[in-house]
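Thank you all for making the time this morning. I would like to walk through one structure with you, going from single residues out to the contact between chains and back again.

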Amino acid sequence: MDFTLSEEQKMLQESAREFALKEMLPTIREYEEERRVNHALTKKLGELGMLGIHLPERYGGSGYDYMSAVLVWEQLSYVSWTQTLTALGHGVLAGTVLNLGANESQKQKYLPPLCSGESIIAVGAVEPAAGSDAAAIETSARVDGDQWVINGSKNFITSGGLADTCLVLCQTDKNLGWRGIALIAVDTDTPGFSSHPISMVGDLAGDLSNLGFLDCRVPRENLIGEVGRGLHISLHGIDTARLFISAGALGITQSCLDASIEFARERSQFGKPIGSYQMIQDSIASLAAELMAIRWQVYYAAYLKSRDLPHAKELSAAKILASDLAVKASEEAIRIHGAHGCTDDYPPARHYRDSILMTILGGTREMHKLTIGRELLGLNARS
Amino acid sequence: MNIFVCIKRVPDTSEAEVKVDANGKDVDSSKFSFDINDADNYAVEEAILIKEKVGGNVKVVSMGPKDGDVMIRMALAKGGDSAIRIEDPRINTVDPLQVAKVLAAAVKGQDFDLVLTGCMAEDDGNMAVGVALAETLGVPHAAMVKKVEVDEGKVKVYRELEGGLSEVVELALPAVLTIQTGINEPRYAPIRGIRMAQKKELKVLNLDDLGLAEDDVSEGSSLVELKNLYIPEVVSHAEIIEGEPEEKAEILADKLVKGGLL
């Protein structure tokens with residue numbers, strides 16, 4: 001058992017950290033206040049090879065394992081999770097989905113421009129009536145000649161309004177249940193496609209959109225994989241997204257901790273730094289202790305996933321613990337910063353907004369507990 | 001064009017309080033994180049830019065323990081071709097002339113056109129190694145370089161002078177340039193570069209490998225002696241200027257002129 005990071009992993013960390021501090025930190029406030037997306041980041045991260053870090057080199061990726069990816073995601077999220085999600089979330093989700101489910105020519109077509117940041121590909125799974133219960137989707141796809149005709153709507157789609165293509169989870173035959181579900185690529189300039197941004201509590205420099213599909217016609221060959229595999233390959237992408245969120249939560253927590261330590265050393269009340277009071281020290285020490293423990297849980301899940309070993313309960317545990325910790329860390333950091341913490345002059349406020357989302361996206365803690373329960377008890381609460 | 005670029009690993013003093021260690025001759029660096037010296041980072045970028053423009057080879061040279069390998073490989077990830085790390089406890093790193101002697105030994109005897117260093121190390125602030133290195137190698141140098149134009153057998157450089165002035169000089173190659181910050185925009189290490197950097201050569205050499213005698217570069221023969229380090233006492237001489245903005249500006253300007261600061 002070796003807990004040390006390799007020289008190469010330290011270099012990945014350093015490169016990502018330097019990028020985040022120089023390219024994201026100086027302007028994040030501006031983008032959040034104006035609720036704008038920094039499109040240049042996607043391109044720059046693509047050029048550096050961070051966008052497709054976990055994807056194979058033959059498709060333009062960097063070919064690193066999930067452990068290395070986690071280190072990079074953590075460092076970028078240290079500055080801003082909304083920008084990290086927006087700049088490379090599509091690589092995480094759509095990249096993983098395509099790498100697993102697409103045929104060779106689809107991979108050749110979609111993955112290189114995705115890895116370079118030239119094109120953005122969203123994954124449309126969630127619907128108004130199908131959130132955690134992804135198999136209950138109602139968006140339909142029927143065959144008409146050599147085309148699919150798609151009708152329905154999707155909710156809370158990451159980068160849905162920015163995407164060039166959306167991989168849409170569709171039901172081809174209601175009677176077949178999950179066996180009828182297919183993933184179909186729809187270019188967003190297809191007539192009948194529409195997107196509507198959602199105003200969220202966080203992700204202010206990102207895009208979560210509702211999507212509409214009204215008689216969208218796309219070629220038959222846009223089917224990713226085969227009918228009946230849609231749910232499986234989408235869930236595989238969501239699995240990677242969970243790891244991405246867990247890594248992001250570590251970055252947020254570390255940032256809140258660092259900001260709190262700095263503030264508590266500098267801010268004086270009653271004649272001494274507030275960090276010298278025991279209640280502040282307790283808060284900082286508790287956060288640090290939890291971060292130490294949960295970081296290893298996230299790394300362990302990444303380790304298992306990198307080796308293709310079973311990791312459902314380990315990753316669910318990491319996702320619950322890390323995202324809850326990010327919320328707690330940003331709350332505590334705000335408390336330590338006092339009224340300053342409620343302003344955007346300090347990092348905790350923006351982390352607070354984003355961390356709330358982390359507890360929901362990629363599966364709620366309730367759903368993840370059901371996963372852990374199923375693994376331990378051998379009884380599935382969902383069926 | 002064969003380019004050597006010398007880099008130094010320095011503590012980031014912005015993150016932690018600077019304290020002098022128990023023997024009073026060094027800074028307690030246990031709380032610091034370390035990274036490449038800022039000006040050296042620009043020197044690395046300039047070396048790679050020159051290589052990309054005219055072709056050639058960039059060799060990274062650094063002195064210090066194995067902890068510096070990540071920094072060295074980052075320079076390789078950005079485009080350096082190979083590296084030398086000199087590690088030997090016998091070297092007196094306090095004396096820039098002796099440091100220059102060691103670096104020169106690593107460069108001498110090899111085919112080189114340019115040696116780039118940062119113009120100043122952030123830790124000791126000496127600004128001496130680059131210049132001393134040129135002297136030791138017996139080649140011309142230019143310090144505080146803000147722009148480099150490489151030509152056949154020569155190099156035209158723009159040096160930063162005080163008061164915003166520039167001096168343009170032409171040097172015959174080979175030459176040593178000490179690079180000022182801001183000359184370029186250092187790139188981030190691309191992920192693929194990081195992978196390739198693991199396979200590039202990083203040679204570790206000591207004084208014997210370099211053919212240097214201990215006496216040449218150790219404390220005993222040094223002309224520099226570090227007596228003592230101390231944190232300057234903080235004294236307060238603040239004067240609050242009262243009045244309307246125009247009056248305040250006038251009083252302030254008057255004080256600055258009288259104090260010889262303008």
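**A cysteine in a helix of chain A**

Let me begin with Cys256(A), which is found in helix H7 of chain A, the helix that runs over residues 230-266. Before going further I should say that this is a predicted model, and every value I quote is computed from it. Cys256(A) counts as buried because its relative accessibility is 0%, where the cut-off for that word is under 20%. What surrounds it, once we leave aside the neighbours within four places in sequence? The contacts of Cys256(A) are then Ala329(A), Ser330(A), Ala333(A), Pro348(A) and His351(A). As for distance along the chain, Cys256(A) and Tyr78(A) are 178 residues apart in sequence, while their C-alpha atoms are 8.7 Å apart in space.

That brings me to helix H9 of chain A, residues 312-337, which has 26 residues and spans 37 Å from its first C-alpha to its last, close to the 38 Å expected at 1.5 Å a residue. H9(A) is mostly covered, with 19 of its 26 residues buried, and just after the helix Gly338(A) takes a positive phi of about 60°.

Still in chain A, I would point to Leu361(A), which sits in the loop between helix H10 (347-358) and helix H11 (365-377). Is this loop residue buried or exposed? Leu361(A) counts as buried, because its relative accessibility is 18% and the limit is under 20%. Apart from neighbours within four places in sequence, Leu361(A) is in contact with Trp81(A), Ile245(A) and Lys319(A). The C-alpha atoms of Leu361(A) and Leu204(A), by comparison, are separated by 15 Å, with their positions 157 residues apart along the chain.

**Chain B, and where it meets chain A**

Turning to chain B, we have 262 residues, of which 42% count as buried, and a secondary structure that comes to 8 helices and 11 strands. Its C-alpha atoms fill a box of roughly 65 × 45 × 40 Å along the principal axes. Among the contacts in chain B with a separation of 6 or more, 70% come from residues 24 or more positions apart.

One residue of chain B that I would like to show you is Asn184(B), in the loop between strand S10 (175-179) and H5. Asn184(B) counts as buried because its relative accessibility is 13%, and its side chain makes a polar contact with the side chain of Glu46(B), at 2.8 Å. Outside its neighbours within four places in sequence, Asn184(B) is in contact with Tyr42(B), Glu45(B), Glu46(B) and Leu49(B).

Now for the interface itself, which takes 18 residues from chain B and 24 residues from chain A. The area buried between the two chains is about 1,900 Å², and carbon and sulfur atoms give 53% of that. On the side of chain B, Tyr188(B), Ile191(B) and Arg195(B) lose the most area to chain A, together 41% of what that side buries.

How many salt bridges are counted between chain B and chain A? The count is 3, and Arg195(B) forms a salt bridge with Glu57(A), with the closest N and O atoms 3.1 Å apart. Across the same interface, 8 residue pairs are found in polar contact, both partners being at pLDDT 80 or more. The elements giving two or more residues to the side of chain B that touches chain A are helix H2 (69-78) and helix H5 (191-197) of chain B, and the residues of that side divide into 9 nonpolar, 2 polar and 7 charged.

Technical notes:
Residues numbered from 1 in each chain as written. Chains lettered and ligands numbered in written order. Heavy atoms only, no water. Helix = DSSP H or I, 4+ residues; strand = E, 2+ residues; numbered from the N terminus. Buried < 20%, exposed > 50% of the residue type's maximum accessible area, 1.4 Å probe, protein only. Contact = heavy atoms within 4.5 Å. Buried area = accessible area lost by both parts, 1.4 Å probe. Salt bridge = Lys/Arg side-chain N within 4 Å of Asp/Glu carboxyl O. Polar contact = N/O pair within 3.5 Å; in protein donor to acceptor, adjacent residues only side chain to side chain. Nonpolar A, V, L, I, M, F, W, Y, C, P; charged D, E, K, R; others polar. Expected span 1.5 Å × (residues − 1).
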